[in-house]
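Work through the exercises below with the model open beside you. Try each task before you read its solution.

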Amino acid sequence: METAAGYRSVEIRYLAPDVDETGTSSLEADLGAAEVLAAVGRVPVEMAVFTVPPHSATMADSHASQELWLVQRGHGVITCGGREYQAGPGGLFALPGGEVHRLHTADEEMTVLSIWWRGSEA
């Protein structure tokens, strides 16, 4: 069904999976795909789902863009800007641009939905 603006629903696919040296796997949404652009126009965010193995941590990361993390599964600790936050399913965390952030898992793997804003990278 199309809206008055001519937009329509579309399933968003993921790009090829990636695994880094910490064992963290990630799937980035292909929000720039032609069918997405045709359906809803340019989306102002990027998003990915990442999974971190038990007793592991992501690499420390810092970038200009603001980011949101929604914990889908697992428990652990998020560090951001020198602070620690207990994280579990349903936890939503706002990570300011420029702050170093990292996720440390406990006895189980963690899966997180990450959303960050386009165009705020230097």
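The exercises go from the whole chain to single residues, and the model is a predicted one.

**Exercise 1. The chain as a whole**

Task: How many helices and strands does the protein chain have, and in what order do the elements run?

Solution:
- Step 1. Count the elements. The protein chain has one helix and nine strands.
- Step 2. Read them from the N terminus. The order is β-β-α-β-β-β-β-β-β-β.
- Step 3. Get the dimensions. The C-alpha trace spans about 45 × 30 × 25 Å along its principal axes.
- Step 4. Turn to burial and surface. Of the 122 residues in the protein chain, 35% are buried. The exposed area is about 7,100 Å², and carbon and sulfur atoms supply 55% of it.
- Step 5. Check the contacts. Take those between residues at least 6 apart in sequence: 65% of them join residues at least 24 apart.

**Exercise 2. The open sheet**

Task: Which strands form the open sheet of three, and which are its edges?

Solution:
- Step 1. Set out the order. The sheet runs E6-E5-E8, with antiparallel pairing.
- Step 2. Find the edges. Strand E6 (83-87) and strand E8 (101-105) each pair on one side only.
- Step 3. Count bridges on each side of E5. Five bridges join E5 to E6. Five bridges also join E5 to E8.
- Step 4. Match residues across the pairs. Thr79 stands opposite Glu84 in E6. Ile78 faces Leu103 in E8, and Gly76 faces Thr105 in E8.
- Step 5. Inspect the E5-E6 hairpin. Two residues lie between the strands, and Gly81 takes a positive phi near 60°.
- Step 6. Read the twist. From one strand to the next, it averages 20°.

**Exercise 3. Two faces of E5**

Task: Which residues of E5 point one way, and which point the other way?

Solution:
- Step 1. Recall the rule. Side chains in a regular strand alternate between the two faces of the sheet.
- Step 2. Apply it to E5. Gly76, Ile78 and Cys80 point one way. Val77 and Thr79 point the other way.
- Step 3. Check the cover. Five of the five residues of E5 are buried.

**Exercise 4. The nonpolar cores**

Task: Which residues make up the largest nonpolar core, and which strands each supply at least two of them?

Solution:
- Step 1. List the members. The twelve residues are Phe50, Val52, Trp69, Val71, Ile78, Cys80, Ala87, Phe93, Leu95, Leu103, Met110 and Val112.
- Step 2. Assign them to strands. Strand E3 (45-52), strand E4 (67-73), strand E5 (76-80), strand E7 (92-95) and strand E9 (110-117) each give at least two residues to this core.
- Step 3. Take one member, Met110, and trace its contacts beyond four places in sequence. Among them are Phe50, Val52, Val71, Ala87 and Leu103. Met110 also touches Arg73, Gly74, His75 and Gly76.
- Step 4. Look for another core. A second, separate one has six residues, including Leu31, Val36, Val43 and Val45.

**Exercise 5. Aromatic pairs**

Task: How many aromatic pairs does the structure hold? Classify each one.

Solution:
- Step 1. Count. There are two aromatic pairs.
- Step 2. Classify Phe50 and Trp69. Their ring centres are 5.3 Å apart and their planes lie at 65°, so this pair is edge-to-face. The cut-off for that class is over 60 degrees.
- Step 3. Place this pair. Phe50 is in strand E3 and Trp69 in strand E4, so the pair ties together parts 19 residues apart in sequence.
- Step 4. Check burial. Phe50 has 8% relative accessibility and counts as buried. Trp69 is buried too, at 4%.
- Step 5. Classify Tyr85 and Phe93. This pair is tilted, with 6.2 Å centre to centre and 55° between the planes.
- Step 6. Check burial again. Tyr85 is partly exposed at 32% relative accessibility, whereas Phe93 is buried at 14%.

**Exercise 6. A positive phi**

Task: Where is His55, and is His55 buried or exposed?

Solution:
- Step 1. Locate the residue. His55 sits in the loop between E3 and E4.
- Step 2. Read the backbone angle. Phi of His55 is near 55°, a positive value in a residue other than glycine.
- Step 3. Judge accessibility. Exposed means over 50% relative accessible area. His55 has 61%, so His55 is exposed.

Notes. Residues are numbered from 1 along each chain as its sequence is written. This is a predicted model: local features need pLDDT of at least 70, side-chain atom pairs count only at pLDDT 80 or more; totals for chains, interfaces and linings use all residues. Side-chain values use heavy atoms; hydrogens and water are left out. A nonpolar core is a set of buried Ala, Val, Leu, Ile, Met, Phe, Trp, Tyr and Cys residues joined through side-chain atoms within 4.5 Å. Buried means under 20% relative accessible area, exposed over 50%, partly exposed in between (1.4 Å probe, protein chains only). Helices (H or I, at least four residues) and strands (E, at least two) are DSSP runs, numbered from the N terminus. Contact means heavy atoms within 4.5 Å. Rings of Phe, Tyr and Trp (its six-membered ring) pair if their centres lie within 6.5 Å; planes under 30 degrees apart count as stacked, over 60 as edge-to-face and the rest as tilted. Two strands pair if DSSP finds at least two bridges between them. Axes are lines fitted to C-alpha atoms, for helices over the stretch in contact, and angles run from 0 to 180 degrees between N-to-C directions. Accessible areas come from the Shrake-Rupley method with a 1.4 Å probe; for residues, only the protein chains shown count as cover.
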